[in-house]
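Welcome! Let us take a walk through this protein together, starting from one residue and moving on to the wider picture.

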Amino acid sequence: MPHALSMPAPGFQAIILCGPGSSFPTFTANPDENPKALIPIANRPMVWYPIDFCYRMGVTNITLIAPPSSAPALTAALNTNPHLTGLPLPKPDLLAPKDLDQNTGTAEIFRLPEVRAVVKGDFIVLPCDLVCELGGESLIEAWMIKEAGLGGATGGGDEFPGPKMAQGGEKGGRRGGLGVWYETKGETIIKGEETDFIATSPLEDGPVPPSKSSILSHVSKLAYSVPTDTLNDITEEKKSLPIRHSLIRSHPRLRMLSSHRDAHIYVFPAWVMDMINKNEYMDSIGEDVIGWWSKAGWQDGLGDKLGLREIFAAANPVKPDDNLLENNPQHDNIDYSSLSTTWTSNLKEALPETPAETKTKLAIPPILAYVQPKAKPDTTNPLIRRVDTAPLLLSISLQLAKLEGIDTIGRDASSPFAHQSKVAYPEGIASKTTVTRPDCLLAENVTVEEKCSVKECVIGANCHIKQGAKLTRCLLMDGVVVGKGCKLTGCILGRRSEIGDDSILQDCEVQENLLVEPKTEDKNNKLMSSEGMEATEQEIQESFADDDMPIEGDERDGISLTI
């Protein structure tokens with residue numbers, strides 16, 4: 001049954017970006033039927049994790065944004081998948097803008113008319129591949145204390161009926177944003193995982209020290225952010241790391257980190273939508289929006305180039321309900337000098353003209369960074385991870401499989417990612433079979449025949465493991481069949497794939513619906529079907545079009561080249 005929310009809704013809306021999944025070529029070869037957002041992580045659809053993250057922090061206004069081609073598959077999953085239908089009400093909305101395709105940048109999405117119509121106030125941006133055990137309410141609390149001020153969670157938009165005390169705070173350097181970066185060199189280390197280079201400076205201590213449960217002690221100002229790959233290109237070209245003097249003047253105490261990664265969790269005030277729409281060259285939120293915004297805090301003139309002065313100067317309409325005195329604006333146009341008996345000369349005419357006033361220094365609301373600290377001895381940090389590659393999919397799924405089931409330790413003591421039971425269908429496991437329950441997770445209707453060995457594995461619903469098979473550190477999606485005597489190590493098997501008898505596979509990925517021939521031996525490979533990959537007549541014509549080499553012929557005569 002849907003569980004109760006942990007706290008009242010804080011007035012935000014959440015936008016979850018459901019991308020194409022180009023980093024999962026084996027399992028998203030057809031992204032329309034098998035979108036990335038539905039790839040299972042520990043037997044739950046990937047998109048379940050960011051949706052659950054929102055509900056746990058009390059945000060119920062959730063919108064999923066996906067390409068129109070992926071919308072039918074996502075709609076069907078939201079209506080039928082038991083993990084998604086079991087989430088609290090209200091259900092998330094699905095938005096499929098007509099001009100959104102698999103190559104649209106994350107910042108470009110927020111310039112689409114349909115998305116602009118949906119975002120009406122302060123908002124949170126999340127990726128569909130986020131697994132975050134940290135409570136989102138702690139992030140909201142930190143943002144409200146440091147950036148929003150009183151009334152900061154009113155939605156930030158003119159449509160919100162509550163108080164407007166926080167609006168206009170951006171003019172004084174308030175109402176900035178908040179992002180999250182996590183350590184990639186912690187308990188789980190994945191070779192080749194993307195990282196970001198960030199530079200942060202400490203915040204001024206407040207009059208009251210934060211509580212032990214608060215994350216404020218790990219929140220700082222973000223001064224610089226760039227992907228590590230981009231940084232490597234810069235240092236290779238310049239043969240050094242160039243640092244501007246203005247950066248050092250603005251932030252004398254800099255902390256530079258290169259092993260953390262942007263979790264793509266962003267708490268944004270409403271004016272960020274205006275900044276994105278005013279700067280059409282911004283393509284990516286992580287690289288462009290966050291990167292330029294962090295620089296604007298110390299690079300003179302950059303805020304004006306980004307159009308922030310005009311954005312902050314835009315007046316918010318004052319509604320009659322907000323004017324407690326109910327004054328008529330026409331009352332302010334009274335010429336009080338005409339009512340006075342004392343006459344004075346016009347000083348403006350008497351004094352010489354002064355030069356035009358120079359622009360005041362623009363106060364840039366900062367982008368704050370919660371940088372996850374390293375775990376203390378004998379403790380573990382809450383899990384924060386983006387699962388956007390196959391190695392991460394396997395690693396995080398196996399890590400979540402080790403969580404104790406709710407039926408063992410109870411709901412209050414269990415992780416938010418714990419399943420009701422580690423083995424959902426114990427009757428399907430035959431005798432004389434080894435299944436290491438502490439590190440395995442078996443879904444509904446899984447059958448395991450005799451003399452099998454299943455160690456540190458995640459097995460999806462309706463899978464069938466035949467006699468004598470040995471599985472170690474494997475992830476099986478729904479409906480997989482493993483033949484007799486197979487030995488699989490470190491493999492990810494797509495939906496409804498079938499492994500022939502006596503096959504030996506190590507560190508392999510198997511595409512959905514693929515039949516692997518019996519006695520196949522392979523290692524470190526992606527096993528995919530070649531069906532549909534052959535070049536068509538039209539594609540061959542197009543490939544020669546640039547060379548002015550027309551192609552003539554038909555299917556009976558084959559292809560002939562005319563030069």
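In which loop is Arg175 found? Arg175 sits in the loop between α6 (136-148) and β8 (177-183). What you are looking at is a predicted model, so please read each value as computed from that model. Arg175 has a relative accessible area of 3% and is therefore buried, the limit for that word being under 20%. The side chain of Arg175 has a polar partner: it makes a polar contact with the side chain of Asp122, at 2.8 Å.

Now step back to the whole chain. The protein has 563 residues, and 48% of them are buried. Its secondary structure adds up to 16 helices and 32 strands. Among contacts with a separation of 6 or more, 59% join residues that are 24 or more positions apart. The accessible surface amounts to about 29600 Å², with 51% of it belonging to carbon and sulfur atoms.

Next, look inside. In soluble globular proteins, nonpolar side chains tend to be buried together. Here the largest nonpolar core has 71 residues, and the ones with the most contacts inside it are Ile16, Cys18, Ile41, Val47, Leu139 and Leu393. Helix α14 (residues 390-401) gives the most to this core, contributing eight residues. To see how one core member is surrounded, pick out Ile41. Beyond residues up to four places away in sequence, Ile41 touches Met46, Tyr49, Val131, Val387, Leu393, Ile396, Ser397 and Leu400. There is also a second, separate core of 40 residues, which includes Leu95, Leu100, Phe268 and Val272.

Val272 leads us to helix α9, where it is one of the buried residues. How many of the eight residues of helix α9 (residues 271-278) are buried? Six of them are, so the helix is mostly covered, with buried taken as under 20% relative accessible area. These six are Trp271, Val272, Met273, Met275, Ile276 and Asn277. They pack against a varied set of elements: the helices α4 (106-109), α5 (113-118), α10 (285-296) and α12 (308-313), together with the strands β6 (123-127) and β11 (255-268).

Some contacts involve loops. Pro31 has its place in the loop between β1 (13-17) and β2 (40-41). Leaving aside neighbours within four places in sequence, Pro31 is in contact with Pro20, Ser70 and Gln102. Pro31 and Pro67 are 36 residues apart along the chain, and their C-alpha atoms are separated by 9.8 Å.

Let us turn to the charged side chains. The count of salt bridges comes to twelve. One of these pairs is Asp300 with Lys361, whose closest N and O atoms are 3.9 Å apart. Asp300 lies in the loop between α10 and α11 (302-305), while Lys361 lies in the loop between α13 (347-350) and β12 (367-371), so this pair ties together parts that are 61 residues apart in sequence. Asp300 counts as exposed because its relative accessibility is 62%, and the limit is over 50%. Lys361 is exposed as well, with a relative accessible area of 70%.

Another salt bridge joins Asp304 and Arg309, at 2.6 Å from N to O. Asp304 is partly exposed, with a relative accessible area of 28%, whereas Arg309, at 18% relative accessibility, counts as buried.

Glu456 and Arg473 form a salt bridge too, with their closest N and O atoms 2.7 Å apart. Glu456 is in the loop between β17 (453-455) and β18 (458-459), and Arg473 is in the loop between β20 (470-472) and β21 (475-476), so the pair ties together parts that are 17 residues apart in sequence. At 17% relative accessibility, Glu456 counts as buried, and Arg473, at 35%, counts as partly exposed. Salt bridges can also be linked to one another: Glu193, Glu194, Arg261, Arg385 and Asp388 form such a network.

Finally, visit the surface. Which residues form a nonpolar patch there? They are Leu241, Ile243, Ile248 and Met256, which together have about 320 Å² of accessible area. Ile248 belongs to helix α8 (residues 245-250). With 41% relative accessibility, Ile248 counts as partly exposed, because that value falls between the 20% and 50% limits.

Notes: Residues numbered from 1 in each chain as written. Predicted model: local features only at pLDDT ≥ 70, side-chain atom pairs only at ≥ 80, totals over all residues. Heavy atoms only, no water. Patch = residues over 30% accessible without salt bridge, like charges linked within 9 Å, V, L, I, M, F, W, Y side chains within 5 Å. Areas by Shrake-Rupley, 256 points an atom, 1.4 Å probe, with all protein chains shown as cover. Salt bridge = Lys/Arg side-chain N within 4 Å of Asp/Glu carboxyl O. Helix = DSSP H or I, 4+ residues; strand = E, 2+ residues; numbered from the N terminus. Buried < 20%, exposed > 50% of the residue type's maximum accessible area, 1.4 Å probe, protein only. Core = buried A, V, L, I, M, F, W, Y, C linked by side-chain atoms within 4.5 Å. Contact = heavy atoms within 4.5 Å. Polar contact = N/O pair within 3.5 Å; in protein donor to acceptor, adjacent residues only side chain to side chain.
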